[in-house]
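Here's a quick look through one model, starting with its ligand site and moving on to helix packing and backbone oddities. Have the structure open while you read.

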Amino acid sequence: MKKEKDFYKRLSEKGISRREFMTFCTVLTATMGLSSSFVPKVAEVFAAPRQRPPVVWLHFAECTGCTESVLRTMYPWIDELLLEILSMEYHETIMAAAGHQAEKTLKEAVQKYKGKFICVVEGAIATKYNGAYGKIGGRTFLEIAKDVCPKAAAVICLGTCACFGGIQAAKPNPGGYKGVGEALGTKPVNIPGCPPNPINFVGTVVNYILLGKLPALDELGRPLFAYGKTIHDQCPRRSHFENDEFVTEFGSVEATMGYCLYKMGCRGPETYNNCATVKFHGGTSWPIQAGHPCMGCSEPDFWDKMTPFYEEL
Ligand code: FSX
Ligand code: SF4
Ligand code: F3S
């Protein structure tokens with residue numbers, strides 16, 4: 001009870017009302033595919049955490065957009081919530097340590113929490129020439145991943161780069177960049193998207209804490225709650241795709257959502273993600289709502305397979 005009280009006090013000091021927090025928990029619970037009876041339990045994960053799993057957060061070849069999307073957008077206070085439920089032992093972007101001190105922190109965290117920590121990975125891993133195309137502190141990404149990932153209780157790849165290689169793996173890919181699973185020959189949880197939707201990451205972590213297990217995954221390691229359907233299956237512009245060959249006049253209520261973007265090269269029919277229902281920035285908008293075709297950013301090899309982006313499939 002005291003824990004909960006303190007939590008709501010801290011939230012209100014940050015200008016977040018209990019109502020706003022509960023709205024977030026409702027959205028999160030629905031996104032996770034759980035019934036509304038789970039909302040209080042999801043709220044409790046944040047408000048009265050029984051355990052805070054240690055996290056080691058690695059960065060390899062990427063733009064750090066994934067961390068940015070988790071820490072800065074959506075609900076502006078999502079970073080606070082994450083720090084409530086996770087014990088961040090190592091995260092290059094937000095930690096104060098640098099250089100040798102940072103390397104020491106990583107080594108100690110991995111030793112201390114062996115078999116217990118969640119390893120979050122952003123970015124792809126260079127595999128050619130013994131991984132020479134990507135190094136941190138004299139060690140290749142490949143060496144670091146081979147050392148850290150097998151010691152984790154779970155590995156979560158955040159973003160298309162860590163999942164499938166992303167832009168680093170685009171042709172001609174001189175460094176032999178690969179996603180973590182392919183580079184190590186393992187099956188991590190993959191949360192793709194460039195950047196991924198933070199709510200899918202938070203949903204995966206909350207699922208782990210609340211139900212004591214990772215969510216159900218598809219054959220590419222993606223949580224089914226988020227990647228079970230295509231963008232096209234959930235797209236509000238779809239009525240124009242089906243009823244009429246690309247409606248040319250605004251005439252109905254649905255038409256205010258705009259025309260189907262298929263002819264502008266929309267990859268929604270080939271892309272599995274929940275952008276249409278969850279949206280970005282706390283439910284404000286998403287690419288297709290903003291008038292841009294889906295580029296297939298969460299699919300494997302999207303830089304090669306989905307390009308040229310503005311040409312019809
Ligand atoms: Fe990749 Fe993420 Fe795109 Fe960027 O860490 S998925 S380039 S948004 O930053 O990895
Ligand atoms: Fe499908 Fe894209 Fe058209 Fe939406 S805009 S209906 S996802 S093709
Ligand atoms: Fe990416 Fe398409 Fe969603 S481009 S953000 S998967 S709409």
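## Around ligand 1

Ligand 1 in this predicted model is ringed by Glu62, Cys63, Thr64, Gly65, Cys66, Glu122, Gly159, Thr160, Cys161, Gly193, Cys194 and Pro195; a residue gets on that list if one of its heavy atoms lies within 4 Å of the ligand. By class, that shell splits into 5 nonpolar, 5 polar and 2 charged residues. Here Ala, Val, Leu, Ile, Met, Phe, Trp, Tyr, Cys and Pro count as nonpolar, Asp, Glu, Lys and Arg as charged, and the others, Gly among them, as polar.

Which backbone atoms face the ligand's oxygens? A polar backbone atom of Gly65 sits 2.8 Å from an oxygen of ligand 1, while for Thr64 the distance is 3.1 Å, and for Cys66 it is 3.1 Å. Polar contacts like these are pairs of N or O atoms within 3.5 Å. Helix 4 (65-72) and helix 8 (160-164) are the elements giving two or more residues to the shell. Helices (H or I, at least four residues) and strands (E, at least two) are DSSP runs, numbered from the N terminus.

## Helix 2 against helix 3

The axes of helix 2 (residues 18-31) and helix 3 (residues 39-47) come within 9 Å and cross at roughly 115 degrees. Axes are lines fitted to C-alpha atoms over the stretch in contact, with angles from 0 to 180 degrees between N-to-C directions. The crossing is right-handed, meaning the near helix is turned clockwise from the far one by less than a right angle.

From helix 2, Phe21, Met22, Phe24, Cys25, Thr26, Leu28 and Thr29 meet Val39, Val42, Ala43 and Phe46 of helix 3, contact being heavy atoms within 4.5 Å. This contact has 9 nonpolar residues, 2 polar and no charged ones.

## Backbone oddities

There's a cis peptide bond between Lys171 and Pro172, with omega about 5 degrees; Pro172 lies in the loop between helix 8 and strand 8 (177-178). Another cis bond runs from Cys194 to Pro195, omega near 0 degrees, and Pro195 is also part of the ligand 1 shell.

Asn130 isn't a glycine, yet its phi is positive, about 55 degrees. Look for Asn130 in the loop between strand 4 (125-126) and strand 5 (135-136).

## Confidence and conventions

Mean pLDDT (the predictor's confidence in each residue, from 0 to 100) is 90 for the protein chain, and 92% of its residues reach 70 or more. Over residues 244-256 pLDDT is below 50, and this stretch has 19 contacts in the model beyond near neighbours in sequence.

Residues count from 1 along each chain as its sequence is written, chains are lettered from A and ligands numbered from 1 in the order written. Local features need pLDDT of at least 70, side-chain atom pairs count only at pLDDT 80 or more, totals for chains, interfaces and linings use all residues, and side-chain values use heavy atoms, leaving out hydrogens and water.

Conventions. Polar contact = N/O pair within 3.5 Å; in protein donor to acceptor, adjacent residues only side chain to side chain.
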